[in-house]
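Colleague: Please take a close look with me at one part of this model, and then work outwards to the contacts between charged side chains.

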Amino acid sequence: MTPVSGRQTRFSLAGLNSARDVSFGEERESIRGLGDPCPDTPERVRAAIGRARRESEGLSRTALPEQSLPGSSPALHSRESGQHADPPIPRFPLFPPIVPPSRPLPSFHALQEWEGYVTDIGAENFHARLVDITAGASIDGEEARIPLAEVSDEDAGRMQCGSIFRWVIGYERSMGGARKRVSQIVFRDLPALTRKDIRDGQAWAQEVLASPNS
Amino acid sequence: MSRALRIEPEIDAASIVLLGHFNPSILTPAWFVHHCLLPADAEESAKLHVAHPEVTSFGAEWLELHARQDRFVAETKRSPHIRIRDLVLRVFGEHLKHTPISAFGVNRVVHYRVGGPQTRDSVCRTLAPTGVWGAWSDALGASGEQGGMTSLTMTQRNPSGRPPGGRINVTVEPSTRIGKGRDGIYVAVNDHYAIPGEDAHSSVRMVDLLSRNYEWSVKHSEGLIDQVMSLSQEGARR
């Protein structure tokens, strides 16, 4: 198997202002204040920090805020009814004004995703074993020869046999709304293995070997 | 592990939210680069929105990071989403191990088009029928233009296999971000893990739970999102 696209794909600087784009609502307003690149006035910054300090209502606080539907969020209603007063906030420096983007910011949605590990590195290609993540597989069932040109310069410099990566094929939507097919290989920056990880891995291996289907 | 969603979202984001006690002033692009958590060029290329003792926020390639004193958010709109798991585990498993963390959430958010306002109305009225509202149902009208569901959240309490206090929350709303506010649906899944008090003095328990459960959370979330998407296809057929 070779990649569908021979074109190396770089990460794009999304120019993200994700607080504006991804999720909304009263708590979303609080992250809007955090995520705003340079809110236009110190008052807005102070208001944003004040909202960020208030307890979120309803959902678990580990939820990102809901999208803001004007007048629809119960949390917005409670704010409008004056249940919360902004505490005093220290002075902030004046940030330059910024015009929020009116178009959707780029996102990259995966249609197909594999996890692979490198088995061999040649002059122009590398070989890997692949696990089909999209299909829910847990065992490597495919092998691929992948051009090194598909790998970013930084990843190419540090990849070695055994390196683990994700290969994602999908559609990227640009700021203008245009859609293009993208193939991207990303090497994982995994946490360092601990003794516990090794013990857990050995236990898992024993379990697999002992299962009737192994 | 992820699965393909039956409708391609126009906006597709994943995030990990941690609750605890953080020091936002250190969580700058330079800190991440110094600890080899982001590429070397991220320090210059990152867009630092604010860096303050109470809040830090920046965007770098695939990552949006927001930190307050009580909350840390790593978010991405670019697959592979597993990068945010790896990043959070490295930050709090290798560098900030003594950070008190009391809870965390694995979140997935999508906005997708359903092919028209009528299909969207059909989905909303399947989830929240207007007919049960008695006399008010007439005032709610026959379409979303007049009235109906603006937000619905379903919660599963104490899912098995995790400490008590966990929840899975699914929120569905008409999308205001795509389709000119008329043609899209927003679905957000929050998979919330509570960390017992005796373990909340450091990040150890969070690291263990997140490393074990992240992929299950993502797969389960995508199944829930796909289930809502299936209503769109049924609505379109009517």
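What is the relative accessible area of A:G122?

Modeller: The relative accessible area of A:G122 is 32%, so A:G122 is partly exposed (buried is under 20%, exposed over 50%, partly exposed in between, with a 1.4 Å probe and protein chains only). This is a predicted model, in which local features need pLDDT of at least 70 and side-chain atom pairs pLDDT 80 or more, while totals for chains, interfaces and linings use all residues. Residues are numbered from 1 along each chain as written, chains are lettered from A and ligands numbered from 1 in written order, and side-chain values use heavy atoms without hydrogens or water.

A:G122 sits in the loop that joins strand 1 (107–121) to strand 2 (125–132) of chain A (strands are DSSP E runs of at least two residues, helices H or I runs of at least four, numbered from the N terminus). Although 25 residues separate A:G122 from A:P147 in sequence, their C-alpha atoms are 9.2 Å apart in space.

Strand 1 of chain A also carries A:E113, and A:R166 belongs to strand 4 of chain A, so this pair ties together parts that are 53 residues apart in sequence. The two residues form a salt bridge whose closest N and O atoms are 2.7 Å apart (a side-chain nitrogen of Lys or Arg within 4 Å of a carboxyl oxygen of Asp or Glu). Both ends are buried, A:E113 at 5% relative accessibility and A:R166 at 3%. The pair also takes part in a network of salt bridges that links A:E113, A:E115, A:R166 and A:R188 with B:R85, B:D86 and B:E215.

Over all chains the structure holds 26 salt bridges, and two further examples come from chain B. B:R6 pairs with B:D226, with 2.9 Å between the closest N and O atoms; because B:R6 lies in the segment before strand 1 (11–20) and B:D226 in helix 6 of chain B, parts 220 residues apart in sequence are tied together. Here B:R6 is partly exposed at 41% relative accessible area, whereas B:D226 is buried at 4%.

In the other example, B:R113 forms a salt bridge with B:D183, the closest N and O atoms lying 3.9 Å apart. B:R113 belongs to strand 6 (residues 101–113) of chain B, and B:D183 to the loop between strand 8 (167–174) and strand 9 (184–194), so that distant parts of the chain, 70 residues apart, are linked. B:R113 is partly exposed, with 39% relative accessibility, while B:D183 is buried, with a relative accessible area of 14%.
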